[in-house]
Amino acid sequence: MNRRSILSLFITCVALLSSLFAAPAYGCGCVGSPPGSCCWCANGVWVCQCPGDPGSCGTGWECIDGCCSWCNAWDTYTAIGSEGDIYIWPKPCRICEWVTFDNDITDIDHQEFGVFWGYPTYHSYPQDSLTYSWRTNPVTGRWLSQTNLATASWEAPPCIGTVQVYLDVDDVPAEATNPCPGYSDENRDDTGPVTFGDSMQVVLPSPCQAGEGHVYPHWSESIHDCVGVTNCGITSVGPVRWGDYEGHTYEAVYNNCAWEVVFHISSSIRVGICTDIFQDWDCSSPGVVTKDNYCDFVNFFRNIDPCSTGGTGTGCGPAAGGQVVSDVACVTIHEYTHYSEWRDFFYGVPDWLEANGYLDPIPIVCDDTDTTHCSTAALLFASRIEDDLGAYLGNKIADIGNDTSGEYRARLAAEPCFESVADDICLCAKNKGWSNEKPCNACPP
Ligand SMILES: [Zn+2]
């Protein structure tokens with residue numbers, strides 16, 4: 001029962017009392033005492049409100065002491081659900097947030113025993129007690145209190161979405177005493193339970209966003225300026241940066257009750273063919289290859305087999321007279337072998353991260369506050385990825401520059417090209433007649 005209802009009933013009673021006290025006074029000239037409390041004297045005759053015949057007062061009324069009396073009547077407007085509702089706070093709520101469910105539902109069924117004139121109208125208040133049962137649809141979240149109390153506490157699930165909150169209310173009817181003679185006591189059991197419902201949204205904490213995780217490799221490449229370089233070509237990798245790319249950091253986005261990582265990684269690479277260092281060999285142009293030294297060069301280019309131990313093995317270096325003769329195409333093959341290895345490796349980083357579980361979603365666990373916000377989840381991803389990825393990239397960079405691995409592969413790739421340069425020198429020497437004057441064992445007869 002709420003205060004407003006009590007006040008309204010009280011005012012109703014006062015109004016009725018006033019009208020009752022304003023009932024006609026007994027007149028003069030009648031003999032004896034009035035036959036009932038609702039009887040009055042009219043022209044020397046006692047007249048009563050009702051004669052006592054059954055039904056003379058209408059359905060639901062009885063004639064008592066000459067008064068039409070209203071017996072066994074229950075208010076029809078105070079059943080469960082006629083007033084009050086459920087309340088949810090906060091609404092909307094964030095994932096894992098604690099929420100209070102409350103209500104102000106009343107059931108103020110009461111009996112209204114009334115006697116017109118003579119007796120005051122009588123209201124009894126055998127207020128029915130209520131039973132409660134809270135539930136949600138879907139069944140989700142976690143109850144922090146009992147669900148059978150008027151107020152309940154609930155922890156929102158780690159998942160966003162719409163949740164319907166329901167409260168089933170039923171009455172335990174109290175018994176009322178009926179003061180009308182011949183009438184038994186009775187109670188009123190409302191049809192129930194009555195279900196109250198409300199819809200609420202479970203949302204992400206600000207500024208978190210829903211999305212799908214992804215790794216974005218950003219590739220940049222440039223021509224090496226070769227300044228200070230003493231080789232015919234140069235490939236340099238780096239810097240490699242991850243996480244903090246153009247203002248981005250590791251970002252965690254919500255997907256299906258978990259966080260996924262949006263991750264940026266960037267690499268720069270510079271490749272240079274340092275033609276300042278060497279003379280590009282060409283038979284048709286005046287060059288440093290002569291009748292006297294051509295065989296040295298042929299031997300040099302035939303002996304860059306990476307399995308051999310002699311020479312620089314790169315096709316770059318003085319073979320005779322301190323002159324450096326090489327070939328742009330062959331040096332390019334060497335350097336772009338490094339380039340391709342790194343490029344393939346770098347673009348494989350997303351797959352490597354995926355295959356090794358680094359991108360596995362982090363489930364949101366309400367008891368673990370590191371997982372209940374995108375900012376802390378992003379830090380978890382960073383700590384999971386950062387060190388291992390750094391080692392993974394560092395190992396590959398070292399491998400590419402290692403004489404017995406990356407360098408070996410680059411030389412091997414360029415080897416046929418340099419063999420072909422040696423063949424060209426032999427052919428040039430033959431055409432110029434050098435081979436007749438100074439035969440070279442490294443050239444075909
Ligand atoms: Zn190399």
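How many bridges join strand β1 to strand β2? Keep that question in mind as you explore these close-ups of a predicted model.

**Figure 1. Strands β1 and β2 form a hairpin.** Here is the answer to the opening question: four bridges link β1, residues 39-42, with β2, residues 45-48. The two strands run antiparallel. Two residues lie between the strands, and one residue to look for in the turn is Asn43, whose phi is positive at about 55°. You can also find Ala42 and its bridge partner in β2, Val45. A useful reminder for all the sheet views that follow: strands of a sheet pair through backbone hydrogen bonds, in either a parallel or an antiparallel way.

**Figure 2. Four strands make an open sheet in the order β5-β7-β12-β11.** The pairing in this sheet is antiparallel. At its edges are β5 (86-89) and β11 (142-143), each of which pairs on one side only. Follow β5 to β7, residues 98-103, and you will find four bridges joining these antiparallel strands. Tyr87 is a good place to pause, as this residue stands opposite Asp102 in β7.

**Figure 3. Three strands make an open sheet in the order β21-β23-β22.** This time the pairing is mixed. The edge strands, β21 (279-280) and β22 (318-320), each pair on one side only. Helix α2 packs on the sheet and touches both β22 and β23. The direction of α2 makes about 140° with that of β22. Now look at how β22 meets β23, residues 323-326: the two pair in the antiparallel sense over two bridges. Within this sheet, Pro318 stands opposite Val324 in β23.

**Figure 4. Arg270 sits in strand β20.** The strand covers residues 258-273. Is Arg270 buried, exposed or partly exposed? Arg270 counts as partly exposed because 17 other C-beta atoms lie within 10 Å, whereas a buried residue would need 20 or more and an exposed one would have 12 or fewer. Setting aside neighbours within four places in sequence, Arg270 is in contact with Ser222, Ile223, His224 and Ser236. Another residue to find is Ser220: 50 residues separate Ser220 from Arg270 along the chain, yet their C-alpha atoms are 8.7 Å apart.

**Figure 5. Helix α6 has a kink at Glu415.** The helix contains 26 residues, from 406 to 431. At 1.5 Å a residue, α6 should span 38 Å, and its end C-alpha atoms are indeed 38 Å apart, so the two values agree. The kink is about 40° and lies shortly before the proline Pro416. Just after the helix, look for Gly433, which takes a positive phi of about 85°.

**Figure 6. Helix α6 has buried residues covered by other helices.** Among the buried residues of α6 are Gly406, Ala410, Phe418, Val421, Ile425 and Cys426. Glu415 is also one of the buried residues. What covers the buried residues includes α2 (294-302), α3 (328-347), α5 (374-400) and α7 (434-437).

**Figure 7. The protein has seven helices and 24 strands.** This last view steps back to the whole chain. Of the 445 residues, 31% are buried. Among contacts between residues at least 6 apart in sequence, 69% join residues at least 24 apart.

Definitions and conventions. Residues are numbered from 1 along each chain as its sequence is written. This is a predicted model: local features need pLDDT of at least 70, side-chain atom pairs count only at pLDDT 80 or more; totals for chains, interfaces and linings use all residues. Two residues are in contact if their C-beta atoms, placed from the backbone, lie within 7 Å. The expected span of a helix is 1.5 Å times one less than its number of residues. The bend at a residue is the angle between axes fitted to the seven residues ending there and the seven starting there. Two strands pair if DSSP finds at least two bridges between them. Axes are lines fitted to C-alpha atoms, for helices over the stretch in contact, and angles run from 0 to 180 degrees between N-to-C directions.
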